[in-house]
Amino acid sequence: MPTITPFLWYDDQAEQAAEYYVALFPDSSIDSVSKTPDRQTLVVEFTLLGQPYRAMNGGPGHEHTDAVSFQVDVDDQPELDRIWDALLADGGRPSMCGWLFDRWGVAWQVTPSMMGDLMTGSGDPEANARVFQAMMQMQKLDIPALQAAAAGR
């Protein structure tokens, strides 16, 4: 059966990025590092939360965009805060509605695992609209505030 592996292009920081991501998430590892004859990193294979990835040092000219992002579902606010803050560290920048760009320009969404239920699970269009409106005002998502919006508080 074929597999699909996300493949990321970096100027020359693929190994540093992979090491950083692996340290951030459990069930993660650097699986292999391919080097050029002059010992420069070329391709890094790594696993995040059990999902394989590859990253390549391909040189400049291929910027990351938010057209592709990685969504991280978390169970609680402390975990959301930890991952959000770590991905913003050393040059990342926040966006809106739980999105951010890490220091390498990779887009991430850090969202509560119950977000789908908060947005549509109640079956109450007014509650869903309140959650949506609350989310649209946030950069980093605030789980208690989203839950309060769903409850109409």
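1. Pro 2 sits in the segment that precedes strand S1, and in this predicted model Pro 2 counts as exposed because its relative accessible area is 72%. Although Pro 2 and Trp 84 are separated by 82 residues in sequence, the figure to keep in mind for their placement in space is 33 Å, taken from C-alpha to C-alpha.

2. As to the overall architecture, the protein chain contains 5 helices and 8 strands, and these follow one another along the sequence in the pattern β-α-β-β-β-β-α-β-β-β-α-α-α. Along the principal axes, the C-alpha atoms occupy a box of roughly 60 × 35 × 25 Å. Among the contacts with a sequence separation of 6 or more, 55% join residues that are 24 or more positions apart.

3. On surface and charge, the accessible surface of the protein chain is about 8500 Å², with carbon and sulfur atoms contributing 52% of that area. The chain carries 9 positive and 22 negative side chains, and the centres of these two sets are 2 Å apart. Of the 153 residues in the chain, 39% are buried.

4. In soluble globular proteins, nonpolar side chains tend to be buried together. The largest nonpolar core of this model holds 39 residues, and the members that touch the most other members are Tyr 10, Tyr 21, Phe 46, Trp 108 and Leu 146. Setting aside neighbours within four places in sequence, Phe 46 has contacts that include Ala 18, Tyr 21 and Val 22, together with Ser 29, Ile 30 and Asp 31, and it also touches Pro 52, Tyr 53 and Arg 54.

5. Helix H1 deserves a paragraph of its own, since its buried residues are Ala 14, Glu 15, Ala 17, Ala 18, Tyr 21, Val 22 and Leu 24. Those buried residues of H1 pack against strand S1 (7–10), strand S2 (29–35), strand S3 (41–48), S4, helix H2 (77–88) and S8.

6. How many aromatic pairs does a search of the whole structure find? The search returns 8 aromatic pairs. In one of them, the rings of Tyr 20 and Trp 104 have centres 5.9 Å apart and planes at 65 degrees, and the pair is therefore edge-to-face. This pair links distant parts of the chain, with Tyr 20 in helix H1 (residues 14–24) and Trp 104 in the loop between strand S7 (99–101) and strand S8 (107–112), 84 residues apart. Tyr 20 is partly exposed, with a relative accessible area of 23%, whereas Trp 104, at 16% relative accessibility, counts as buried.

7. A second pair joins Phe 70 and Trp 108, whose ring centres are 5.5 Å apart and whose planes meet at 50 degrees, so the pair is tilted. Here too the pair links distant parts of the chain, Phe 70 lying in strand S5 (residues 69–74) and Trp 108 in strand S8, with their positions 38 residues apart in sequence. Phe 70 is buried at 12% relative accessibility, and Trp 108 is buried with a relative accessible area of 3%. Ring pairs also gather Tyr 20, Tyr 21, Phe 25, Phe 46, Tyr 53, Phe 70, Trp 104 and Trp 108 into a cluster.

8. Pro 52 is placed in strand S4 (residues 51–57) and counts as partly exposed because its relative accessibility is 37%. Its contacts, leaving aside neighbours within four places in sequence, are Thr 5, Pro 6, Phe 46 and Thr 47. Pro 52 and Ile 30 are 22 residues apart in sequence, and their C-alpha atoms are 9.7 Å apart in space.

9. Two loop residues merit a check of their backbone angles. Asp 27, in the loop between H1 and S2, has a phi near 55 degrees, which is a positive value in a residue other than glycine, and Asp 27 counts as exposed at 58% relative accessibility. Leu 49, in the loop between S3 and S4, likewise has a positive phi, of about 50 degrees, although Leu 49 is not a glycine. At 48% relative accessibility, Leu 49 counts as partly exposed, because exposed would require over 50%.

Terms used
Residues are numbered from 1 along each chain as its sequence is written. This is a predicted model: local features need pLDDT of at least 70, side-chain atom pairs count only at pLDDT 80 or more; totals for chains, interfaces and linings use all residues. Side-chain values use heavy atoms; hydrogens and water are left out. Helices (H or I, at least four residues) and strands (E, at least two) are DSSP runs, numbered from the N terminus. Buried means under 20% relative accessible area, exposed over 50%, partly exposed in between (1.4 Å probe, protein chains only). Contact means heavy atoms within 4.5 Å. Accessible areas come from the Shrake-Rupley method with a 1.4 Å probe; for residues, only the protein chains shown count as cover. Lys and Arg count as positive and Asp and Glu as negative; His and the chain ends are not counted. The place of a charge is taken as NZ of Lys, CZ of Arg, CG of Asp or CD of Glu. A nonpolar core is a set of buried Ala, Val, Leu, Ile, Met, Phe, Trp, Tyr and Cys residues joined through side-chain atoms within 4.5 Å. Rings of Phe, Tyr and Trp (its six-membered ring) pair if their centres lie within 6.5 Å; planes under 30 degrees apart count as stacked, over 60 as edge-to-face and the rest as tilted.
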